[in-house]
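Colleague: Could you take me closely through one part of this model, the largest pocket, and then through what surrounds the helices that line it? Which residues lie nearest the centre of the largest pocket?

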Amino acid sequence: VWTSGMSVDVKLLDNDHKKLAILINDLHDGVMTGCAREPLDRIFDEIVAYSRTHFSNEERFLEEAGYSGAAAHKHEHSHKIDLVRMMQARFSRGATLADDLEVLNQLRDWLVNHIQDSDQEFVAHLKAAGVDSILAKWNERDGAA
């Protein structure tokens with residue numbers, strides 16, 4: 001469940017995090033209601049795809065803000081995608097409800113740790129760099145395209 005304590009106070013990133021939380025909750029709800037495997041696998045595909053989108057957004061922010069740890073954070077994202085892909089493979093092989101719930105717990109922890117640990121490292125830098133002006137530049141460039 002999304003809480004205000006999970007916020008990094010950067011609207012675009014918070015919205016990305018909320019979307020990931022919704023997808024994880026959808027997967028959980030599907031498992032708990034006995035949904036067929038195919039729709040559950042599609043939800044997991046969406047989680048992987050949206051994770052990539054979110055990480056791309058973060059990396060773009062960090063680069064534009066001149067964050068000195070941007071390369072290390074990008075490497076961390078690569079590792080996090082590998083982790084979520086491993087969870088997806090375990091989920092696909094899951095034979096029991098207990099297997100599925102274990103993966104769901106790991107997925108939840110993966111998101112919460114991403115937000116509360118690694119993202120908190122750069123939030124102050126983004127705010128000092130003027131996150132709103134970065135977003136305005138993006139909108140200007142994207143609107144002109």
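Modeller: On a 1 Å grid over the protein atoms alone, a pocket is an open set of points where a 1.4 Å probe fits, with protein on both sides within 12 Å along at least five of seven lines, and lining residues have an atom within 4 Å of a point. The model is predicted, so that local features need pLDDT of at least 70 and side-chain atom pairs 80 or more, whereas totals for chains, interfaces and linings use all residues. Residues are numbered from 1 along each chain, and side-chain values use heavy atoms, without hydrogens and water.

Thirteen residues, written 13 in the count, line the largest pocket, and Val1, Ile24, Asn25, Leu104 and Arg108 lie nearest its centre. Two or more lining residues come from each of α1 (11–32) and α4 (97–118), helices being DSSP runs of H or I with at least four residues. The greatest share belongs to α4, with 6 residues. The volume, the space filled by probe spheres set on grid points joined across faces, edges and corners, is about 250 Å³. The lining comprises 9 nonpolar, 3 polar and 1 charged residues, where Asp, Glu, Lys and Arg count as charged, Ala, Val, Leu, Ile, Met, Phe, Trp, Tyr, Cys and Pro as nonpolar, and the others as polar.

Following α4 onward, this helix packs against α5 (residues 120–129) at about 50 degrees, with the axes, lines fitted to C-alpha atoms over the stretch in contact, 5 Å apart. The two are therefore oblique (neither under 35, over 145 nor 65 to 115 degrees). Ile115, Gln116, Asp117 and Ser118 of α4 meet Gln120, Glu121 and Phe122 of α5 in this contact (heavy atoms within 4.5 Å).

As for α1, its Lys19 forms a salt bridge (side-chain nitrogen of Lys or Arg within 4 Å of a carboxyl oxygen of Asp or Glu) with Glu46, at 3.9 Å from N to O. The partner Glu46 sits in α2 (residues 37–64), 27 residues from Lys19. The whole structure holds 5 salt bridges, within a protein of 6 helices and 0 strands.

Technical notes:
Axes are lines fitted to C-alpha atoms, for helices over the stretch in contact, and angles run from 0 to 180 degrees between N-to-C directions.
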